[in-house]
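I opened a fresh page for this one and kept my notes short. Come along and check each entry against the model as you go.

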Amino acid sequence: MKPILINDILHFDDTDLKKIKIRFNQPSQNEDPLQLYINNHDDLNTRYFLWREKMKYFDEGQIGICLLKLKDDLWLLTTIKRITKNLDKLYSVGYEAEELTEYEPYFGRLVVKFHKTFQSQIVYYENVHEELEVAYILSDVYDGEDFPGYDKVRVSYQQLANIIKNGNKDWITALENQKAVYLITDKSNGKLYVGSATSDNDMLLSRWKTYIENGHGGNVRLKELVDKKGFDYVKKNFQYSILENYNAKVDDSVILEREAWWKKTLETGKYGYNAN
């Protein structure tokens, strides 16, 4: 079966091809553009996409297509803009641009398949458009990875904050009515905290929301840590995972018993952040 190409949807003609460039945005040592996009779409589509260092990526009148690497050979279309002014600034946003709103329904939803073999971030559209296959179109704007399953949950503070802030439906549905024994890991020193989510504290989603709000969730030693090192320390270093999960019908006493077992097993009272 003949693949559907990106230009079967965008419909740029031969005249347009020569003035269009694509920027392929993928993780670097300094920044993760996917995380930028989840945090704030405009941060990626303007600051990151139109950033200029030494090389001039665009000329006035050119069209820029912004593709963001999701994983493997899959790329997300986040914006298409016409460059209206070269600001002649280095190490800053280097261009003014207007978004081509006729393509807006595809921003954050159109995923293309492309095997990138070159190092350059920016190439002319005419050189690659026949290799950009439409993989799928999301029903909603991309807001992060789908829930991976309770036994595979391992998220940073920022990832968890984004899930909650963006109302990621897949994650919210999975966590909101779930009881659990969970683990918080301080990645800077390896210290652990074991906690539980029961009907008394409104299940796992509500329990984890308290950590996102203040970093400590009311726990004695975590509060001491936040008071001493600041909330930003938590945001930088904390990771959240699930040790055991239970449906809402399981009695709270079972969860509390398992929480106590994990505390003793991991010695989180002696070596970690549990106060009891």
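What follows are my entries, from the whole chain down to single residues.

**Entry 1: the whole chain**

I began by reminding myself that this is a predicted model. I counted 11 helices and 13 strands in the protein chain. I then boxed the C-alpha atoms along the principal axes and got roughly 70 × 45 × 30 Å. Of the 276 residues, 47% count as buried. The chain exposes about 14800 Å², and carbon and sulfur atoms supply 46% of that area.

I also looked at contacts with a sequence separation of 6 or more, and residues 24 or more positions apart account for 68% of them. For the charges, I found 38 positive and 43 negative ones, with mean positions 6 Å apart.

**Entry 2: strand β1**

Next I turned to β1, residues 20–25. Is this strand enclosed or open? Six of its six residues are buried, so β1 is largely enclosed by the rest of the structure. I kept in mind that side chains in a regular strand alternate between the two faces of the sheet. Sorting β1 by face, I put I20, I22 and F24 on one side and K21, R23 and N25 on the other, and all of them are buried.

Then I asked which strands pair with β1. With β3 the pairing is parallel and runs over six bridges. With β8, residues 122–124, the pairing is antiparallel and has three bridges. I found K21 handy as a marker here: K21 stands opposite G64 in β3, and K21 also stands opposite Y124 in β8.

**Entry 3: the β3–β4 hairpin**

From β3 I followed the chain onward. β3 and β4 form a hairpin with two residues between them, and the two strands pair in the antiparallel sense over eight bridges. One pair I noted is I65 with its bridge partner I80 in β4.

The loop here joins β3 (63–71) to β4 (74–86), and D72 lies in it. I checked the backbone of D72 and found phi near 45 degrees, a positive value in a residue other than glycine. Is D72 buried or exposed? Its relative accessibility is 61%, and the cut-off for exposed is over 50%, so D72 counts as exposed.

**Entry 4: the other partners of β4**

I stayed with β4 a little longer. Of its 13 residues, 10 are buried, so β4 is largely enclosed by the rest of the structure. Besides β3, I looked up two further partners. Five bridges join β4 to β6 (residues 95–99) in the antiparallel sense, and there K81 has E99 as its bridge partner. Three bridges join β4 to β7 (residues 110–113), again antiparallel, with W75 standing opposite V112.

**Entry 5: the nonpolar cores**

Now for the packing. A general point I wrote in the margin is that nonpolar side chains tend to be buried together in soluble globular proteins. How many residues make up the largest nonpolar core? I got 31, and the ones with the most contacts inside this core are W208, F238 and Y240. Several elements each supply at least two residues of this core, among them the helices α6 (157–166), α7 (169–176) and α8, and the strands β11 (179–186), β12 (192–197) and β13 (238–246). Apart from this core lies another, of 25 residues, including I9, L10, F12 and F107.

I then listed what Y240 touches, leaving out residues up to four places away in sequence. Its contacts include V153, V155, L160, L183, W208, Y211 and V234.

**Entry 6: S241 and M203**

Then I looked at S241, which lies in strand β13. S241 has a relative accessible area of 13% and is buried. Beyond its neighbours within four places in sequence, S241 is in contact with V153, R154, Y182, L183 and W208.

My last stop was M203, in helix α8 (residues 203–214). Phi of M203 is near 75 degrees, a positive value in a residue other than glycine. Is M203 buried or exposed? Its relative accessibility is 13% and the cut-off for buried is under 20%, so M203 counts as buried. I set that beside D72 in the β3–β4 loop, which has a positive phi but counts as exposed.

Key
Residues are numbered from 1 along each chain as its sequence is written. This is a predicted model: local features need pLDDT of at least 70, side-chain atom pairs count only at pLDDT 80 or more; totals for chains, interfaces and linings use all residues. Side-chain values use heavy atoms; hydrogens and water are left out. Helices (H or I, at least four residues) and strands (E, at least two) are DSSP runs, numbered from the N terminus. Buried means under 20% relative accessible area, exposed over 50%, partly exposed in between (1.4 Å probe, protein chains only). Two strands pair if DSSP finds at least two bridges between them. A nonpolar core is a set of buried Ala, Val, Leu, Ile, Met, Phe, Trp, Tyr and Cys residues joined through side-chain atoms within 4.5 Å. Contact means heavy atoms within 4.5 Å. Accessible areas come from the Shrake-Rupley method with a 1.4 Å probe; for residues, only the protein chains shown count as cover. Lys and Arg count as positive and Asp and Glu as negative; His and the chain ends are not counted. The place of a charge is taken as NZ of Lys, CZ of Arg, CG of Asp or CD of Glu.
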